[in-house]
Amino acid sequence: MTVSPISDRLADVESAVADGRTKIDWAYEHMPILQSLRADFEAEQPFAGLTIGMALHVEAKTAALVETLAAGGAEVAITGCNPLSTHDDVSAALDAHEAITSYAEHGVDETGYYDAIEAVIAHEPDITVDDGGDLVFRIHEEHPELIDSIIGGSEETTTGVHRLRSMDADDALDYPVFAVNDTPMKRLFDNVHGTGEASLSSIAMTTNLSWAGKTVVVGGFGQCGRGVARKAAGQNASVVVTEVDPRRALEAHMEGYEVLPMAEAAKKGDVFITTTGNRDVITPEHVQHMQDGVILANAGHFDVEIDLDGLADLAVEQRAVRDGVREYKLEDGRRINVLAEGRLVNLATPVSLGHPVEVMDQSFGIQAVAVRELATNGDAYDAGVHEVPDALDREVATIKLEAEDIQIDELTDEQAAYLDSWSQGT
Ligand code: NAI
C-alpha cells in the first residue's frame with residue numbers, strides 16, 4: 001500500500017513544523033562538523049541531481065544530517081528505522097523542506113513501517129542511507145531492477161553491518177555499502193559514550209529511579225556494553241557483565257566488573273540492559289530467577305534481545321505502570337518491568353532523546369562524507385561492504401578538533417620515516 005508523507009497525516013501540521021524546527025535548530029547549533037560540511041556542500045553541490053533514500057531514527061540530529069545533504073543539492077526521501085523512535089514534529093519539519101519528503105511517523109504498526117520503506121524506495125534512490133539495513137534488504141528482495149542505477153549505500157549500526165556482511169559473504173549484496181559503524185569516529189564515541197549516556201538517562205527519566213545502590217546487569221561487553229557498564233559504574237551502581245566471547249568477558253573482568261552467566265546474574269540484578277545485537281539474551285528461564293520489581297531494558301538494535309513473548313506467557317497480568325514502562329505480573333506476585341516494549345531504550349521511550357548531539361555530529365559527519373564519497377567517487381567501489389576510507393574519518397576528526405579548539409602535535413618527517421621503517425630501532 002502507498003503511504004503519504006507525514007504532513008498529510010497530522011492534524012496540526014503548522015504547529016508540528018514549528019516545534020520540529022525548534023528541535024532541529026537546537027541540535028544543529030551544537031553540530032560543528034555538520035555546519036562545516038554543510039558550508040562546503042552548499043558551495044560545491046556534490047549531490048546535485050541525486051536522490052538519497054534514508055531509513056534512520058527520525059529525530060532532531062538526523063534531521064540536521066538530512067538538511068545538510070539537501071543543502072548539497074540532493075532530493076531526500078526519508079522514513080524511520082524503528083517504529084517508536086520517530087518524532088512526528090521533526091518528521092513534519094523535514095517534510096516542509098522543498099527537497100525533502102518524510103514518511104516517518106511515530107508508533108506505526110509493522111505494515112505501516114514497511115509501507116513507508118516502500119514509499120522511500122519508490123523515489124528510486126541513487127544512494128541509500130540505512131540504520132539496520134532495511135532499505136538495502138528490501139531493495140534486493142523486492143526491487144532488484146533498481147540496483148543497476150544505485151551508486152551505493154551507507155550503514156549506520158553494528159547490526160546492519162553484520163547483516164550486510166552476511167549478505168556479502170553469500171554474494172547477495174549487489175551494490176557497495178560503506179560500514180559507517182566501523183569507523184573510529186563512529187564506534188568509539190557513538191556506540192560507547194552515546195549508548196552509555198543515552199541509555200542510562202532514558203532509563204532514569206522513564207523510571208525516575210536512582211542508579212546509586214542498584215546492581216546493573218549489562219548483557220554483552222562490546223562497544224555499547226562497555227559504555228553502558230562504565231557510565232553505570234560512574235553513577236555508583238554495581239555492574240555485572242554477561243558475555244559469550246571469552247576475550248570480552250576477560251576485558252570486563254579486568255575493568256573490575258563481576259562477570260557471570262545470565263542465569264546467575266538474573267538473581268542479582270535490579271536493572272538489566274542488553275547490548276548484544278543478539279536474540280533471547282533474557283529468557284523466561286532467567287526471569288524465573290529475578291527479584292520483584294526488576295527493570296528490563298534493551299539497547300541493542302532489534303526488539304529480540306528480551307524474549308517478550310516468553311515473558312508474556314509467564315505473566316498472569318500486564319499493565320502500563322508509567323509512560324514507557326510495562327509491568328508483567330508473575331503467578332507468585334513478582335513484577336517484571338519492561339521499558340520501551342523491549343526496543344532501543346535510548347530512543348524509544350516517550351522521553352527518549354537518543355544520543356547526545358555532539359556524539360551524533362560525529363556519526364553523521366561520517367555519514368555525510370561517506371555519501372559525498374559515493375556521489376563523487378562511487379565508481380571506485382565494487383559491490384560489497386567497504387570500510388570508509390581512513391582519510392575521511394581523519395577529515396571529520398580534524399573538523400571536530402578545530403571546533404573544540406584542541407591542538408595536537410604533528411609528526412616530524414623523521415618520526416614519520418621511523419614509524420614506516422622496519423630497520424630502525426636498536
Ligand atoms: P559488538 O559486536 O561490539 O558487541 C556485542 C557483544 O555482545 C559482543 O561482545 C558479543 O560477544 C556479545 N554477545 C553476543 N551474544 C551474547 C549473549 N547471548 N549474551 C551475552 N553477550 C552476547 O556490538 P556493539 O557495537 O556493541 O552493538 C551492539 C548492538 O547495539 C547492535 O545491535 C548495534 O546495532 C546496537 N547499537 C545500538 C545503539 C543505540 O543507540 N542503542 C548504538 C550503536 C549500536
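## A tour from the ligand to the cores

Begin with the ligand in this predicted model, and select the helices α7 (158-169), α8 (184-207) and α9 (223-234), since each of them supplies at least two residues of the shell around the ligand. Colour α8 separately if you wish, for the largest share of that shell, four residues, comes from this helix.

Next, display the whole shell, in which 27 residues surround the ligand, the closest being Thr 157, Thr 158, Thr 159, Glu 243 and Arg 248. If you colour the shell by class, you will find five nonpolar, 17 polar and five charged residues.

Now look at individual atoms, starting with the side chain of Thr 159, where an N or O atom is 2.5 Å from an oxygen atom of the ligand. Moving on to Asn 346, select its side chain, which has a polar atom 2.8 Å from a ligand oxygen. At His 301, show the backbone instead, as a polar backbone atom of this residue is 3.0 Å from an oxygen atom of the ligand. With a surface drawn over the protein, consider how much of the ligand is covered: on its own the ligand has 860 Å² of accessible area, and the protein covers 88% of it.

Leave the ligand and select the largest nonpolar core, which has 48 residues, and in which Met 31, Ile 52, Met 54, Leu 65 and Leu 69 are those with the most contacts inside the core. Helix α15 (residues 357-377) should be highlighted along with it, because this helix gives the most to the core, with nine residues.

Which residues is Met 54 in contact with, once its neighbours within four places in sequence are left aside? Select Met 54 and you will find Leu 65, Val 66, Leu 69, Val 76, Ala 77, Ile 78, Thr 79, Val 120, Val 129 and Leu 135 in contact with it. Apart from the largest core lies another, of 26 residues, and among them are Tyr 113, Leu 135, Ile 150 and Met 167.

For the last stop, go to strand β13 (residues 325-330) and select Leu 330, which is found in it. Is Leu 330 buried or exposed? Its relative accessibility is 4%, so Leu 330 counts as buried. Leaving aside neighbours within four places in sequence, Leu 330 is in contact with Val 287, Leu 314, Ala 315, Val 316 and Ile 336. To finish, draw a distance from Leu 330 to Asp 109, C-alpha to C-alpha: the two are 28 Å apart in space and 221 residues apart in sequence.

How values were computed: Residues numbered from 1 in each chain as written. Predicted model: local features only at pLDDT ≥ 70, side-chain atom pairs only at ≥ 80, totals over all residues. Heavy atoms only, no water. Core = buried A, V, L, I, M, F, W, Y, C linked by side-chain atoms within 4.5 Å. Buried < 20%, exposed > 50% of the residue type's maximum accessible area, 1.4 Å probe, protein only. Contact = heavy atoms within 4.5 Å. Near = heavy atom within 4 Å. Polar contact = N/O pair within 3.5 Å; in protein donor to acceptor, adjacent residues only side chain to side chain. Areas by Shrake-Rupley, 256 points an atom, 1.4 Å probe, with all protein chains shown as cover. Nonpolar A, V, L, I, M, F, W, Y, C, P; charged D, E, K, R; others polar.
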